[in-house]
Amino acid sequence: MLVPSRRRLRFEVWIVLGLSLGQSAVYSVVQLLDKMTRAPLAEGTSTLNRSQSTREYFDLTYQLLDIIFALVPVLLVLYFLSDHRQAASGDGSNPGSAFNKLGFNFARPGGDLLQGLGLAALIGIPSLGLYAAGRALGITTAIIPSALDAYWWTVPVLILSAMRHAVVEEVIVVGYLMNRFGKFGWSIPLSILASSLLRGTYHLYQGFGPFIGNVVMGIVFAWLYTRTRRVMPLVIAHALLDIVAFVGFSLFGTAVGLG
């Protein structure tokens with residue numbers, strides 16, 4: 001099989017990012033500039049899950065379509081990372097599968113779950129303090145994790161949205177990019193830095209506090225991936241963090257004065 005040249009791989013990476021989180025990063029920078037030139041960041045608001053229609057079932061349809069189409073770039077990178085030669089190991093598994101290359105599978109569910117829970121606690125608790133500090137310093141907008149109307153499907157959709165964010169970000173920003181950066185000849189520290197800066201940049205619309213927090217999170221996640229070559233614990237941790245934020249806010253935000 002022909003090995004893609006570095007030039008071809010660079011085009012591939014730009015295409016993937018242009019269709020996914022690279023595009024989000026560009027919009028995020030523009031949104032940050034827009035907010036900063038309107039009023040102090042402390043007076044700004046960032047809403048993560050918005051209603052898209054006042055009609056219940058059209059809103060549900062739009063939410064589900066957003067989730068489905070956001071996952072298309074993930075399918076694209078899985079295709080790019082797959083070895084398309086029809087080869088299987090003695091146990092019937094395909095070592096050339098992108099799922100196996102990324103550790104995005106259920107090969108070790110117990111270990112992945114425990115590692116994911118630990119990462120969620122490690123990242124989640126300091127993030128609350130960083131958000132509070134950012135608000136106090138005036139460098140972070142008020143973040144509203146969910147502004148969906150209260151329907152029977154609101155919580156399930158928020159859970160699906162959290163899972164979508166986790167899969168898209170960890171598969172593309174960690175698994176895929178770390179693989180491609182390595183093929184570019186980049187060192188591990190440089191690859192980790194680039195991956196984490198991208199993660200921070202597409203969160204800039206929330207202010208500088210979340211940018212810093214997500215860069216740190218990106219460094220931890222990318223470093224761990226270089227040690228384990230498994231993206232599944234990162235997906236689990238990210239999904240747990242977002243589920244707690246999205247669903248917790250939706251159910252209890254108003255009760256604690258955040259709605």
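## Leu21, tucked away in helix 2

Leu21 counts as buried, with a relative accessibility of just 7%, because anything under 20% goes into that class. You'll find Leu21 in helix 2, which covers residues 21–38. Keep in mind as you look around that this is a predicted model.

Which residues does Leu21 touch, once its neighbours within four places in sequence are set aside? The contacts are Val168, Glu169, Ile172, Val173, Leu198 and Tyr202. Leu21 also shows how a chain can fold back on itself: Arg199 is 178 residues away along the chain, yet the C-alpha atoms of Leu21 and Arg199 are separated by 8.3 Å.

## Helix 7 meets helix 8

Two packed helices are described by the angle between their axes and the distance between the axes. Try that on helix 7 (154–183) and helix 8 (188–201): their axes come within 9 Å and cross at roughly 150°. Angles over 145 degrees count as roughly antiparallel, so that is the label for helix 7 and helix 8. The crossing itself is right-handed.

Who makes the contact? On the helix 7 side it's Glu169, Glu170, Val173, Val174, Leu177, Met178, Phe181 and Gly182. Helix 8 brings Ser191, Ile192, Ala194, Ser195, Leu198 and Arg199. Sorted by class, the residues in this contact are eight nonpolar, three polar and three charged. Some of these names should ring a bell: Glu169, Val173 and Leu198 are among the residues that Leu21 touches.

## Helix 1 meets helix 4

Now do the same for helix 1 (residues 6–19) and helix 4 (residues 72–81). These two pack at an angle of about 165°, and their axes are 10 Å apart. Helix 1 and helix 4 are therefore roughly antiparallel, and their crossing is left-handed.

Here Glu12, Val16 and Leu19 from helix 1 meet Pro73, Leu76, Val77 and Phe80 from helix 4. What classes do the residues in this contact belong to? Six are nonpolar, none are polar and one is charged.

## The two sides of helix 4

Helix 4 deserves a second look. Its buried residues include Pro73, Val74, Val77, Leu78 and Leu81. Looking down the axis of helix 4, you'd see the buried residues fall within an arc of 145°, so they line one face of the helix. The spacing fits a general rule: an α-helix has 3.6 residues a turn, so residues three or four places apart point the same way.

What do the buried residues of helix 4 pack against? Their partners are helix 1, helix 3 (56–70), helix 5 (98–102) and helix 7. On the face turned away from the buried side, Leu75 and Tyr79 are exposed.

## Two arginines in loops

Is Arg50 buried or exposed? It's exposed, at 52% relative accessible area, because the cut-off for exposed is over 50%. Arg50 sits in the loop between strand 1 (45–47) and helix 3. Beyond its neighbours within four places in sequence, Arg50 is in contact with Gln63 and Leu148. Asp149 is 99 residues along the chain from Arg50, but their C-alpha atoms are separated by 8.6 Å.

Arg229 is in the loop between helix 9 (208–228) and helix 10 (232–252). With a relative accessible area of 42%, Arg229 is partly exposed. Most residues other than glycine have a negative phi. Arg229 has a positive one, near 55°.

Notes. Residues are numbered from 1 along each chain as its sequence is written. This is a predicted model: local features need pLDDT of at least 70, side-chain atom pairs count only at pLDDT 80 or more; totals for chains, interfaces and linings use all residues. Side-chain values use heavy atoms; hydrogens and water are left out. Axes are lines fitted to C-alpha atoms, for helices over the stretch in contact, and angles run from 0 to 180 degrees between N-to-C directions. Helices (H or I, at least four residues) and strands (E, at least two) are DSSP runs, numbered from the N terminus. Angles under 35 degrees count as roughly parallel, over 145 as roughly antiparallel, 65 to 115 as roughly perpendicular and the rest as oblique. A crossing is left-handed if the near helix is turned anticlockwise from the far one by less than a right angle, and right-handed if clockwise. Contact means heavy atoms within 4.5 Å. Ala, Val, Leu, Ile, Met, Phe, Trp, Tyr, Cys and Pro count as nonpolar, Asp, Glu, Lys and Arg as charged, and the others, Gly among them, as polar. Buried means under 20% relative accessible area, exposed over 50%, partly exposed in between (1.4 Å probe, protein chains only). The arc is that of the directions from the helix axis to the C-beta atoms.
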